[in-house]
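User: I would like to go through this model and ask what stands behind each label. Please set the values against the cut-offs as we go.

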Amino acid sequence: MDVPLTWQLAKLAVSIGVVLGLSMIAERVSTRVAGLLSGYPLGTAIALFFIGLELSPVFAAESAVHTLAGFTATLALGGGYLLGGRRDGLAGIALGTLTGLACWLATSLVLTRIDFDRVTGTLTTLAAIAVFTWLYRRVPDIKASPKGGFSWPALALRAGLAAGIIFLITGLAHVVPSAWAGVMAAFPVTMYPFLVILHLTQGAAPTATVIKHYPAGLGSLLWYALVVSLTYDSLGLWPGTLLGFAAATLWLLGWTRLQRWWRERRTPSARG
């Protein structure tokens with residue numbers, strides 16, 4: 001079907017805004033918080049919403065079932081980027097990107113051959129979260145230093161990467177099965193451009209910190225995809241999206257409070 005220009009412009013505007021917001025948080029708040037928010041349903045929400053808008057809510061709901069397992073491929077991309085992108089500068093970005101995409105593609109090829117339902121898809125990603133959280137346990141937390149604003153080249157790169165990925169995913173959704181559309185919707189649309197910019201401007205260490213905390217934020221994505229898979233067909237795109245964000249926000253707030261409680265509990269013993 002022909003996609004109206006207004007929809008295309010909306011995708012462009014939302015993609016740019018989200019990536020810029022994550023970059024500001026990393027530079028002015030902390031890379032840890034940015035890593036958690038990278039797991040918030042930003043890119044996935046954009047992709048699934050426009051897949052439902054351009055194709056049908058039913059197709060988007062079916063895709064969201066496979067998105068639940070597709071987050072495992074996203075974790076693989078982050079792990080691959082961490083392994084390959086240990087150097088600062090363009091060389092580290094290029095090798096991290098190639099390694100990350102190779103890990104994402106290999107994992108996606110496996111996932112799309114499995115007939116997931118909501119339970120098995122969720123359990124698969126939960127197991128992957130546990131594994132990657134354990135693997136990242138020794139990665140140090142390095143705070144990004146403030147840069148005092150955005151340069152035009154950085155702005156253009158952020159905009160181009162985020163918008164390009166969104167357009168690619170929603171475009172391919174017209175010609176691929178729902179399993180592939182769902183796995184592609186789990187691609188880190190907002191996180192990957194953010195990693196590239198952070199790596200380019202701050203180096204490999206703060207980028208690794210964002211990747212380290214990304215698995216902890218995936219719980220909100222799982223809740224979002226689960227709610228969307230249940231509501232897009234029955235309630236429609238807008239109610240399903242709002243309910244998905246509500247569930248994701250509640251989970252993220254609860255997880256943040258739990259982490260704060262755990263840190264406060266450990267602090268006295270560490271001092272003693």
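Analyst: Helices here are DSSP runs of H or I with at least four residues, and strands are runs of E with at least two. The model is a predicted one. By that definition the chain has 11 helices and 0 strands, and its pattern along the sequence is α-α-α-α-α-α-α-α-α-α-α.

User: What share of the chain is buried?

Analyst: Buried means under 20% relative accessible area. Residues of that kind make up 52% of the 272 in the chain. The accessible surface comes to about 12,400 Å², and 70% of it belongs to carbon and sulfur atoms.

User: How do you know how far apart in sequence the contacting residues are?

Analyst: Take the contacts between residues at least 6 apart in sequence: 82% of them join residues at least 24 apart.

User: Why is α4 called largely enclosed?

Analyst: The count decides: 24 of the 28 residues of α4 are buried, so the rest of the structure largely encloses this helix. One of its residues is T72, which counts as buried because its relative accessibility is 12%, under the 20% cut-off. Leaving out residues up to four places away in sequence, T72 touches T107, L111, T124, T125 and A128.

User: Is E62 in α4 buried or partly exposed, and what makes it so?

Analyst: E62 also belongs to helix α4. Its relative accessible area is 41%, so E62 is partly exposed; that class lies between 20% and 50%. The C-alpha atoms of E62 and G182 are separated by 7.7 Å, with their positions 120 residues apart along the chain.

User: How do you know that the length of α4 agrees with its residue count?

Analyst: The expected span is 1.5 Å times one less than the number of residues. For the 28 residues of α4 that gives 40 Å, and the end C-alpha atoms are 38 Å apart, so the two agree. The helix also has a kink of about 45 degrees, centred on L68.

User: What do the spans of α5 and α9 look like against the expected values?

Analyst: Helix α5, residues 89-111, has 23 residues and should span 33 Å; its end C-alpha atoms are 33 Å apart, which agrees. For the 12 residues of α9 the expected value is 16 Å and the end-to-end value 15 Å, which also agrees.

User: Which residues of α5 are buried, and what do they pack against?

Analyst: The buried residues of α5 are G92, I93, G96, T97, G100, W104, T107, S108 and L111. They pack against α4 (57-84), α8 (178-185) and α9 (191-202). As a general point, an α-helix has 3.6 residues a turn, so residues three or four places apart point the same way.

User: What makes α9 mostly covered?

Analyst: In α9, 10 of the 12 residues are buried. Among them are M191, Y192, P193, F194 and H199. Just after α9, G203 takes a positive phi of about 105 degrees.

User: Why is the pair K212 and D141 called a salt bridge?

Analyst: The rule asks for a side-chain nitrogen of Lys or Arg within 4 Å of a carboxyl oxygen of Asp or Glu. The N to O distance between the side chains of K212 and D141 is 3.6 Å, so the pair meets the rule. The two lie 71 residues apart, with K212 in helix α10 and D141 in the loop between α6 (118-135) and α7 (152-172). By this rule the count comes to 1 salt bridge. D141 is partly exposed because its relative accessible area is 47%.

User: Is G217 buried or exposed, and how do you know?

Analyst: G217 is in helix α10, residues 204-235. Its relative accessible area is 0%, so G217 is buried. Its C-alpha atom and that of P41 are separated by 9.4 Å, although the two residues are 176 apart along the chain.

User: What makes L9, L12 and F167 a nonpolar patch?

Analyst: Patch residues need over 30% relative accessible area, and nonpolar side chains are joined within 5 Å. L9, in helix α1 (residues 5-28), has 48%, and L12, in the helix α1 too, has 33%, so both pass the 30% cut-off. Together with F167 they present about 240 Å² of accessible area. Leaving aside neighbours within four places in sequence, L12 is in contact with A163 and F167.

Technical notes. Residues are numbered from 1 along each chain as its sequence is written. This is a predicted model: local features need pLDDT of at least 70, side-chain atom pairs count only at pLDDT 80 or more; totals for chains, interfaces and linings use all residues. Side-chain values use heavy atoms; hydrogens and water are left out. Patches are made of residues with over 30% relative accessible area and no salt bridge: like charges are joined within 9 Å, nonpolar side chains (Val, Leu, Ile, Met, Phe, Trp, Tyr) within 5 Å. Accessible areas come from the Shrake-Rupley method with a 1.4 Å probe; for residues, only the protein chains shown count as cover. Buried means under 20% relative accessible area, exposed over 50%, partly exposed in between (1.4 Å probe, protein chains only). Contact means heavy atoms within 4.5 Å. The bend at a residue is the angle between axes fitted to the seven residues ending there and the seven starting there.
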